[in-house]
Amino acid sequence: MNPFRSHMDLALAEARAAALRGEVPVGAVVIGPGGQVVARAGNRTRELSDPTAHAEVLAIRAACAALGSERLSGHDLYVTLEPCPMCAAAISAARIARLYYGAADPKSGGVAQGPRVFSHAQCHHVPDVYDGIGAAEAGALLTGFFAGRRGA
C-alpha cells in the first residue's frame, strides 16, 4: 500500500492557470486508485460561457471520458476550494471515494458550509472528506484575485 501523497500542488497549479485566464482561481485534480493523475482542470465559466464549468465538474467530466465510465469509484478528487452544492452533488454522483479540499468557502460552500450536501438522506454516496489541505495558499490565491478585481 502506498503512503498518502497530497496532489494539492497540481490543483493549485490549475488554480493559478485559471487566474491567468481571468477565471476565479479554483483548480481540481482526479487521482486514480494507483496514484496516477487521471484528469485536471481549472475554472472555465467565463471562457466557456457556462455556469457549470467549475474546476470539479470539468475534471470529473474529463476523468469519466478518459475511463469510459460515469463512475469514479476508488478515485480521489483534490480541489483548492470547498465545493459548492452543484459540485458536491456531482462528486456524489460520480462516486468519488475521497475528497480533499483546501480553503473553506463560507459564502458558497456545499460540504462543510451551507447546505452540507453529503449530510442529506437523498445523497446516495458520501466520499471521505479531508479539508484544509493547502488552505493557506488556496485562500491567498482567491484573496489576491478578488482584491485585484476590486482595485485594492
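## Exercises on rings, sheet and core

The structure holds 3 aromatic pairs. This is a predicted model, in which local features need pLDDT of at least 70, side-chain atom pairs count only at pLDDT 80 or more, and totals for chains, interfaces and linings use all residues. Residues are numbered from 1 along each chain as its sequence is written, and side-chain values use heavy atoms, with hydrogens and water left out.

### Exercise 1: the rings

Task: Classify the pair of Tyr 100 and Tyr 130, then the pair of Phe 145 and Phe 146.

Solution.

Step 1. Fix the rule. Rings of Phe, Tyr and Trp (its six-membered ring) pair if their centres lie within 6.5 Å; planes under 30 degrees apart are stacked, over 60 edge-to-face, and the rest tilted.

Step 2. Take Tyr 100 and Tyr 130. Their centres are 4.9 Å apart, with 15° between the planes, and the pair is stacked. Tyr 100 lies in strand β4 and Tyr 130 in strand β5, so the pair ties together parts 30 residues apart in sequence. Strands (E, at least two residues) and helices (H or I, at least four) are DSSP runs, numbered from the N terminus.

Step 3. Take Phe 145 and Phe 146. The ring centres are 5.1 Å apart and the planes stand at 80°, so this pair is edge-to-face.

Step 4. Add burial. Buried means under 20% relative accessible area, exposed over 50%, and partly exposed in between (1.4 Å probe, protein chains only). Tyr 100 is buried at 6%, while Tyr 130 is partly exposed at 36%. Phe 145 is buried at 13%, while Phe 146 is partly exposed at 34%.

Step 5. Look for a cluster. Ring pairs link Tyr 78, Tyr 100 and Tyr 130.

### Exercise 2: the sheet

Task: Give the order of the strands in the open sheet, and find its edges.

Solution.

Step 1. Strands pair if DSSP finds at least two bridges between them.

Step 2. The 5 strands run in the order β2-β1-β3-β4-β5, with mixed pairing. β2 and β5 (128–131) are at the edges with a single partner strand each, so one side of each has no neighbour in the sheet.

Step 3. Check the directions. β1 and β3 are antiparallel, joined by 4 bridges. β3 and β4 are parallel, joined by 5 bridges.

Step 4. Find residues that face each other across strands. Tyr 78 is opposite Tyr 100 in β4, and Val 79 is opposite Tyr 101 in β4.

### Exercise 3: an acid in β3

Task: Describe the surroundings of Asp 76.

Solution.

Step 1. Place the residue. Asp 76 belongs to strand β3, where 6 of 6 residues are buried. Asp 76 itself is buried, at 10% relative accessible area.

Step 2. Look across the strands. Ile 31 stands opposite Asp 76.

Step 3. Find the polar partner. The side chains of Asp 76 and Arg 98 make a polar contact of 2.7 Å. Such a contact is a pair of N or O atoms within 3.5 Å; within protein, one must be able to donate a hydrogen and the other to accept it, and residues adjacent in sequence count only if both atoms are side-chain atoms.

Step 4. List other contacts (heavy atoms within 4.5 Å). Beyond four places in sequence, the residues touching Asp 76 include Val 29, Val 30, Ile 96 and Tyr 100.
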